[in-house]
Amino acid sequence: MTGRLLGTSLLDSVALTAASAAGAYTVRNLVATQPGKLWRSTSAAAQTITGDLGEDKRINGFVLYAHNLSNDGSATVQLTLSNNSGHTDQVYDTSIEATDPLYGWGEGPYGMEGYGGYSSEGWQQQFTTIWIATTQVARYFRVIITDTANSDNYVEAGRVKLGQYIDVRFRHGYDMGWSETTEITRTRGGALRSDNRPPYRFANITTAVLDKINEGDLLEVFRAVGKRDDVVWSAFPGANTAQERRNTLLGRLVDYSSAAIESVGSEITFNIQEGL
């Protein structure tokens with residue numbers, strides 16, 4: 001099995017511009033490492049966000065996370081990478097539906113997406129990913145978000161990342177789940193009371209045997225990002241299933257190992273917890 005890990009975001013040091021921003025919900029919030037800090041538009045009109053990377057950069061991954069875009073197939077995200085700020089000399093351009101991954105045939109409960117379709121599960125953070133098969137080289141970035149029928153009458157998002165993902169082959173036994181941080185105490189009378197707190201997802205990954213190139217790529221993410229910044233992990237990229245959705249998260253590397261090197265290759269473990 002092969003997952004994808006997107007570490008350093010090229011946009012974090014870039015001055016982004018947006019078509020609109022409502023009050024304190026500035027576009028700068030999109031490059032904060034807490035997805036709870038939001039950028040928000042002033043209306044549901046199509047929104048354009050642009051940035052100058054300063055020089056040519058290698059790009060194959062884009063993520064828009066913690067957004068409120070309509071999950072019915074009506075919203076779109078258009079990503080453009082270009083050689084000039086006017087985006088007339090385009091290197092890459094694509095437009096996709098801004099929905100969470102779809103349920104596959106028969107994945108949903110009986111009578112509820114059982115024939116496949118868009119998920120209606122309530123999640124705290126929706127996301128849109130664009131994985132580019134061939135790495136592109138460009139200086140200028142643009143994303144156009146179109147969701148004119150948005151029920152909130154505005155568009156918002158908590159994080160945007162653009163950069164190079166790496167493929168990570170991992171072993172069977174990959175571990176993903178929800179962690180409950182609610183604290184429960186028993187009263188003197190015997191009742192149970194809870195201090196309710198939001199749950200978060202986690203993923204524990206042990207790689208398959210890596211060659212020296214894969215090993216170096218993963219160790220470089222640990223060096224460049226470490227526990228200081230966020231990463232995006234997708235265990236089943238491009239599957240377009242509920243399983244892909246459950247196993248795509250933006251969070252922090254909370255622990256990672258050195259490379260255990262043997263004659264056939266090396267093995268590395270790392271752990272990610274979702275940021276809220």
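This report walks through one helix, the largest pocket and a handful of single residues.

The model is predicted, so local features need a pLDDT of at least 70 and side-chain atom pairs count only at pLDDT 80 or more, while totals for chains, interfaces and linings use all residues. Residues are numbered from 1 along each chain as its sequence is written, and side-chain values use heavy atoms, with hydrogens and water left out.

## Helix H1

Let us start with H1, which covers residues 212–224. Helices (H or I, at least four residues) and strands (E, at least two) are DSSP runs, numbered from the N terminus. H1 has 13 residues and spans 18 Å from its first C-alpha to its last, close to the 18 Å expected at 1.5 Å a residue. That expected span is 1.5 Å times one less than the number of residues.

Which residues of H1 are buried? They are Glu 215, Leu 218, Val 221 and Phe 222. These four sit on the same side of H1, because they cover an arc of only 125° around the axis. The arc is taken from the directions that run from the helix axis to the C-beta atoms. An α-helix has 3.6 residues a turn, so residues three or four places apart point the same way. On the other side of H1, Lys 212, Ile 213 and Arg 223 are exposed. Here, buried means under 20% relative accessible area, exposed means over 50%, and partly exposed lies in between (1.4 Å probe, protein chains only).

The ends of H1 are worth a look too. At the N-terminal end, Asp 211 acts as a cap, with a side-chain oxygen 3.0 Å from the backbone nitrogen of Ile 213. After H1 comes Gly 226, which has a positive phi near 55°.

## The largest pocket

H1 also takes part in the largest pocket, where its 4 residues make up the largest share of the lining. On a 1 Å grid over the protein atoms alone, a pocket is an open set of points with protein on both sides within 12 Å along at least five of seven lines, and lining residues have an atom within 4 Å of a point. The pocket holds about 320 Å³ of space. Its lining has 14 residues, and Thr 8, Gln 164, Ile 166, Glu 220 and Val 221 lie nearest the centre. Strand E4 (47–67), strand E10 (165–169) and H1 each give at least two residues to this lining.

## Some single residues

The table places three residues and gives their relative accessible areas.

| Residue | Place | Relative accessible area |
|---|---|---|
| Ser 234 | strand E15 (residues 230–234) | 1%, buried |
| Gly 177 | strand E11 (residues 175–179) | 12%, buried |
| Leu 276 | segment after strand E19 (269–274) | 28%, partly exposed |

The side chain of Ser 234 makes a polar contact with that of Thr 248, at 3.1 Å. A polar contact is a pair of N or O atoms within 3.5 Å; within protein, one must be able to donate a hydrogen and the other to accept it, and residues adjacent in sequence count only if both atoms are side-chain atoms.

Finally, consider backbone angles. Most residues other than glycine have a negative phi. Ala 66, in strand E4, has a positive phi near 60°, and this residue counts as buried at 10% relative accessibility. Asn 153 has a positive phi near 65° and is found in the loop between strand E7 (126–146) and strand E8 (156–157).

Technical notes: 1 Å grid on protein atoms, 1.4 Å probe; cavity = no way out; pocket = protein on both sides within 12 Å on 5 of 7 lines; lining within 4 Å. Points joined across faces, edges and corners; volume = space filled by probe spheres on them.
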